[in-house]
Structure formats: C-alpha cells, structure tokens
Amino acid sequence: MEIIVDIESPEPLFSQLIEQIKGAVKAGHLKPGAALPSIRQLANDLELNNKTVAKAYKLLERDSVIQTRGYRGTFVHPEALINCTADMSAWVLDQVTATINACRAEGATDSEIRIAFSHAMQGGT
C-alpha cells in the first residue's frame, strides 16, 4: 500500500492519512490482521511530524479500523471493513448543525451560540 500526502491540499494531513488507510481497507489492499508501519516509520517515510501520524492512528483506532497491540505493533482491525463506513466527522457536523438550528429557532444569535459552544468546549457549564 502506498500512501501519498499532499501538503498543498486544504485537507489536513492526518485526514488524508485516515482516508487513504480506510480506502486501502475498502479496496482490499489492507486485510484484517495486516501489519501497519509504526508511527515513527510512517512519519519518516512521508516526511511528516510524528504527531500527525499519531493523531491519524489514534482516530483510526477509536473507530476500530486499526488496533495497537502494545510493542508488537499496529494492525488492521478484524472488523475494519465494516468500521470504515463510520464517519465521526459527519456525525459531529450533523449534531452541531441540529443544535445550532434549534438555538436559532429559539431566537439565539450566532454570537450567543459561538460563546456557548466556546464555553462548552472549555468544559464550562
């Protein structure tokens, strides 16, 4: 499997990695149980910061597309193909959009909504 990132793209690099790994799983190029390069190795190969690859791996692991087995490495999850269909970003966007629309329907201004979201993101009540 070859991964190519476009540093000129407006899409974040970690998102490009996620999409390419999911694409390889969907296309059958990465089978369940297949080993993936370490974070350090993939970062070196793609000339990226380790944190960028770590973020992509963390999100893929959250979605059960990959799994980390301690010092043995990172592997494609047994249910990766099914789990590739989940799109957490789309779900979050749907939830936030519905909340914003509900707030606007009650008369809240965009400024009030922004302030409330900022408060909520910072752990305020």
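## The second largest pocket

Helix α3 gives the most to the lining of the second largest pocket, with 3 residues. The model is predicted. The volume of this second largest pocket is about 170 Å³. Two elements give two or more residues to its lining: α3 and β2, the latter spanning residues 66-68.

Which residues line the second largest pocket? One stretch of the list runs L36, P37, S38 and I39. Y57, K58 and E61 are also in the lining. So are I66, T68, G70, G73 and T74. By class, the lining holds 5 nonpolar, 5 polar and 2 charged residues.

## The largest pocket

The largest pocket has a volume of about 270 Å³. Its lining counts 16 residues, and those closest to the centre are I18, E19, K22, D87 and S89.

Which element supplies the largest share of this lining? Helix α1 does, with 6 residues. Three helices each supply at least two lining residues: α1 (13-26), α3 (50-62) and α5. By class, the lining of the largest pocket has 7 charged, 6 nonpolar and 3 polar residues.

## Salt bridges around D63

Side chains of opposite charge can pair when their charged atoms come close. The model has 3 salt bridges by the distance rule used here. One joins the side chains of D63 and K22, at 4.0 Å from N to O. D63 sits in the loop between α3 and β2, while K22 sits in helix α1, so this pair ties together parts that are 41 residues apart in sequence.

Are D63 and K22 buried or exposed? Both are buried. For D63 the relative accessibility is 14%, so D63 falls under the 20% limit for buried residues. K22 also appears in the pocket story: K22 is among the residues closest to the centre of the largest pocket.

D63 has a second partner. The side chain of R62 forms a salt bridge with D63, and their closest N and O atoms are 2.9 Å apart. R62 is partly exposed, with a relative accessible area of 46%. Together, K22, R62 and D63 are linked in a network of salt bridges.

## The R104 and D110 pair

Another salt bridge joins R104 and D110. Their closest N and O atoms are 2.9 Å apart.

How much relative accessible area does R104 have? The value is 45%, so R104 counts as partly exposed. D110 is partly exposed too, with a relative accessible area of 35%.

## A nonpolar surface patch

Which residues form a nonpolar patch on the surface? They are M88, W91 and V92. Together they have about 280 Å² of accessible area.

M88 belongs to helix α5, which covers residues 88-105. M88 has 33% relative accessibility. That value lies between the limits of 20% and 50%, so M88 counts as partly exposed. Helix α5 also has a part in the largest pocket, as one of the elements that supply at least two lining residues.

## Positive phi values

Most residues other than glycine have a negative phi. Two residues in this model call for a look at that angle. E47 is not a glycine, yet its phi is positive, at about 55°. The place of E47 is the loop between α2 (39-46) and α3. Is E47 buried or exposed? E47 is exposed, with a relative accessible area of 74%.

S64 also has a positive phi, near 60°, and is a residue other than glycine. S64 lies in the loop between α3 and β2. D63 of the salt-bridge network lies in that loop as well. S64 counts as partly exposed, at 26% relative accessibility.

## I82 and V65

I82 is in helix α4, which covers residues 80-83. I82 is exposed, with a relative accessible area of 56%. That value is over the 50% limit, so the label follows.

How far apart are the C-alpha atoms of I82 and V65? They are separated by 8.5 Å. Along the chain, I82 and V65 are 17 residues apart.

Technical notes:
Residues are numbered from 1 along each chain as its sequence is written. This is a predicted model: local features need pLDDT of at least 70, side-chain atom pairs count only at pLDDT 80 or more; totals for chains, interfaces and linings use all residues. Side-chain values use heavy atoms; hydrogens and water are left out. Patches are made of residues with over 30% relative accessible area and no salt bridge: like charges are joined within 9 Å, nonpolar side chains (Val, Leu, Ile, Met, Phe, Trp, Tyr) within 5 Å. Accessible areas come from the Shrake-Rupley method with a 1.4 Å probe; for residues, only the protein chains shown count as cover. Helices (H or I, at least four residues) and strands (E, at least two) are DSSP runs, numbered from the N terminus. Buried means under 20% relative accessible area, exposed over 50%, partly exposed in between (1.4 Å probe, protein chains only). On a 1 Å grid over the protein atoms alone, a cavity is a set of points where a 1.4 Å probe fits but cannot get out, and a pocket is an open set with protein on both sides within 12 Å along at least five of seven lines; lining residues have an atom within 4 Å of a point. Grid points are joined across faces, edges and corners, and a volume is the space filled by probe spheres set on the points. Ala, Val, Leu, Ile, Met, Phe, Trp, Tyr, Cys and Pro count as nonpolar, Asp, Glu, Lys and Arg as charged, and the others, Gly among them, as polar.
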